[in-house]
Amino acid sequence: MSSKSLTAEYLKGLWDENPVFRQLLGMCPVLAVTNAVINGIAMGLAASFVLILSSVVVASIKKLIPAQVRIASYIVVIATFVTIADRVMAAYFPPISKALGPYVPLIVVNCIILGRQEAFSSRNSVGRALIDALGMSTGFILALLILSSIREVLGAGTFLGYQVMGPWFKPWIIMILPAGAFITLGILLGIALAIEQRTRRGRA
Amino acid sequence: MDLLMLFIAAIFVQNYVLYYFLGICPFLGVSKRIDSAVSMGMAVTFVMTITAVVSWMINHWILIPFKLDYLQIVSFILVIAALVQLVEMFIRKISPPLYQALGIYLPLITTNCAIMGLALLTALRNYNFIHAVIFGVGSGLGFTLAIVLMASIREQLDLADVPEPLKGAGIALIVAGIMALAFTGFSGMIT
Amino acid sequence: MSLSARMIFVLTMVGLISGSLLSVVGLLTTERIELNRLREIEAAITVVIPGTVTSVKLYEEEKFTVYAGQDGEGMALGYAVYASGTGFQDIIKLMFGTDPAIQRLNSLTILEQKETPGLGAKITDALAFLRFWEKKDLSRPLTLRKPAAGSPEELATSEINTITGATISSEKVLQMVNLSLERLRVIKQEGKLGKEE
């Protein structure tokens, strides 16, 4: 059982245990769909939907599941919510569903989601699992938002499709290509680690 | 001709790691040394080929005829998990040396998006059986190529003076970015 | 209950609940997803055969589908061909429309592509690419104008413009259209397009 205050439980997902910048989890969608802000947000919301509902369900049924079959059960729970997210997006938001392609179904193998079930939801109360999932989701959306904003603004001169750079600006096409995703995320990880090291030194 | 093109495209043009961003976790995690990268690549290629076959059969013999396409994600993930377990037990029985080489990597593969991605992409693109198999082998080899190249660069990188915060994952991602840029040069070679 | 019985029971229950939940979701969404797909194709047909009120699928094979566009009275207005192929990097899906005699190309539209953003992706851009595909003469195979012309008027009647910096993407689209046209004529000759107009 975690003994943190509920606020701390939520806030840890934003920075100290940020799934992308600090734990290096769920990198595939982070790299793949962040070429435009709208895709990043859609992916963030879809993954959050799955993470939050799976965490609540797993935390509520944890006592009923024998330890030997827990992973299999978690996977079924997660896959169910992923399918729901995928179908609903395809039915009601076809353009976004098309842009995200196979990366929505791939949420099922996103290590953040299974990781949180195993590390947190299966050991904590429903309320705490919910707060934890909300925090991790916010952290994940935040990471997607930062990365996709940098890539869209520099790579296309737009933000959410609106022109933000003047006519003098020549888009850096590399930022929208796969190469730009890797390099931007690499630099962001470095910056995150540098900030962390500085604050830790400050505390010590 | 068609098959050869598909095969080459899967390795170079639409490289699994550098174009689709699939299998990033093992790509970053198991690329510190060349020999372990080779083993990981072989294990992934092996499982991918089997996955391509099995997922194709499930999709075309069960899901499509019975209009159960909404069970695609659930059935693929469960089958892959079971498959990896079976492969692991099978190798352990048949060839202990091979198990020694690949064994520890097999469990890591279950939650690897590369395998699930392969099953989904094969279904999404409506490949026929032969195409699916070629796509599976090609994708696996593409992954192997990327991870082995990465490992050989990282072995050299150990000797370089990398800024403290970039050490580890940061510089690995930047190197991957430069590799992705180089691989862009392969685009357009498939007609 | 013994442990293994409990394991089987729990897994069966989890599977049953998930399966029934998903079949409900499947029922609720399948129709709409199919509708979205059809609507997208219908919209594209109206673009490439102006004046289309109803459309009929005439012929289908892998990577190649032919539709007929008809006006309100059921008069044939032309053929719309939906084709897919490999572009510079990944799949391109496009549709073009011709007159019933396959002598004139009305226009072209791109339904799906993953070409390089800012370069090859300009194949979806009306100003940079698509407007150069309007009202083309099909008595000869279409050819590519290189270096690019500034306006549609400068091109010959069977010439298509190149996108500067994305020659390969332009060439691939041209190839797909020329090949599909050939195929369209062959199957028309074989009488596979149904009734003659």
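## A walk through the chain contacts and salt bridges

Chain B and chain A bury about 2,900 Å² between them, with 85% of that area on carbon and sulfur atoms. Three residues of chain B stand out here: F21(B), I73(B) and L173(B) supply 23% of the area that chain B buries against chain A, more than any other three residues. Please keep in mind, as we go along, that this is a predicted model.

Let us stay with this interface for a moment. In terms of residues, 36 from chain B are in contact with 35 from chain A. The count of salt bridges between the two chains is one. It joins the side chains of D69(B) and R87(A), with N and O 3.6 Å apart. Polar contacts across the interface of chain B and chain A also come to one residue pair, with both residues at pLDDT 80 or more. Which elements of chain B give two or more residues to the side that touches chain A? They are α2 (24–29), α4 (72–94), α7 (113–124) and α9 (169–184) of chain B. Of these, α9(B) provides the largest share, nine residues. Sorted by class, the side of chain B that touches chain A holds 28 nonpolar residues, six polar ones and two charged ones.

Now turn to where chain B meets chain C. Twelve residues of chain B and ten residues of chain C take part in the contact. The area buried between chain B and chain C is about 1,100 Å², and carbon and sulfur atoms give 52% of it. Here, too, there is a count of one salt bridge, formed by the side chains of R125(B) and D90(C) at 3.7 Å from N to O. Polar contacts between chain B and chain C likewise number one residue pair, both residues being at pLDDT 80 or more. The side of chain B that touches chain C divides into seven nonpolar residues, four polar and one charged.

What about the cysteines? Over all chains, the structure holds zero disulfides. A disulfide is a covalent bond between the sulfur atoms of two cysteines. C111(A) makes a good example to look at: the closest cysteine sulfur to its own belongs to C25(B), at 3.6 Å, which is too far for a bond. The cut-off used for a disulfide is 2.5 Å between the sulfur atoms. With a relative accessibility of 23%, C111(A) counts as partly exposed. C28(A), on the other hand, is buried, at a relative accessible area of 6%.

Two serines of chain A are worth a visit next. S73(A) sits in helix α4 (residues 70–92) of chain A, and S73(A) is buried, with a relative accessible area of 0%. Its side chain reaches the backbone oxygen of V69(A) at 2.7 Å. Leaving aside residues up to four places away in sequence, S73(A) touches I65(A) in its own chain and V10(C), L11(C) and V14(C) in chain C. The other serine, S48(A), belongs to helix α3 (residues 37–61) of chain A. S48(A) is buried as well, with 7% relative accessible area, and S48(A) touches S137(A) and I141(A), again not counting residues up to four places away in sequence.

Finally, let us follow the salt bridges, of which there are 20 over all chains. In chain A, K4(A) pairs with E17(A), their closest N and O atoms being 3.9 Å apart. K4(A) lies in the segment before α1 (6–11) of chain A and E17(A) in the loop between α1 and α2 (27–32), so the pair ties together parts that are 13 residues apart in sequence. Both ends count as partly exposed: K4(A) has 35% relative accessibility and E17(A) has 26%. Also in chain A, a network of salt bridges links E9(A), K12(A), R116(A), R128(A) and D132(A).

In chain B, the side chains of K167(B) and E164(B) meet in a salt bridge, at 3.6 Å from N to O. K167(B) is partly exposed, with a relative accessible area of 46%, and E164(B) counts as partly exposed at 48% relative accessibility. Chain C offers a pair of its own in K57(C) and E60(C), whose closest N and O atoms are 3.2 Å apart. In that pair, K57(C) is partly exposed at 45%, whereas E60(C) is exposed, with a relative accessible area of 52%; the line between the two classes is drawn at 50%.

Notes: Residues numbered from 1 in each chain as written. Chains lettered and ligands numbered in written order. Predicted model: local features only at pLDDT ≥ 70, side-chain atom pairs only at ≥ 80, totals over all residues. Heavy atoms only, no water. Contact = heavy atoms within 4.5 Å. Buried area = accessible area lost by both parts, 1.4 Å probe. Salt bridge = Lys/Arg side-chain N within 4 Å of Asp/Glu carboxyl O. Polar contact = N/O pair within 3.5 Å; in protein donor to acceptor, adjacent residues only side chain to side chain. Helix = DSSP H or I, 4+ residues; strand = E, 2+ residues; numbered from the N terminus. Nonpolar A, V, L, I, M, F, W, Y, C, P; charged D, E, K, R; others polar. Buried < 20%, exposed > 50% of the residue type's maximum accessible area, 1.4 Å probe, protein only.
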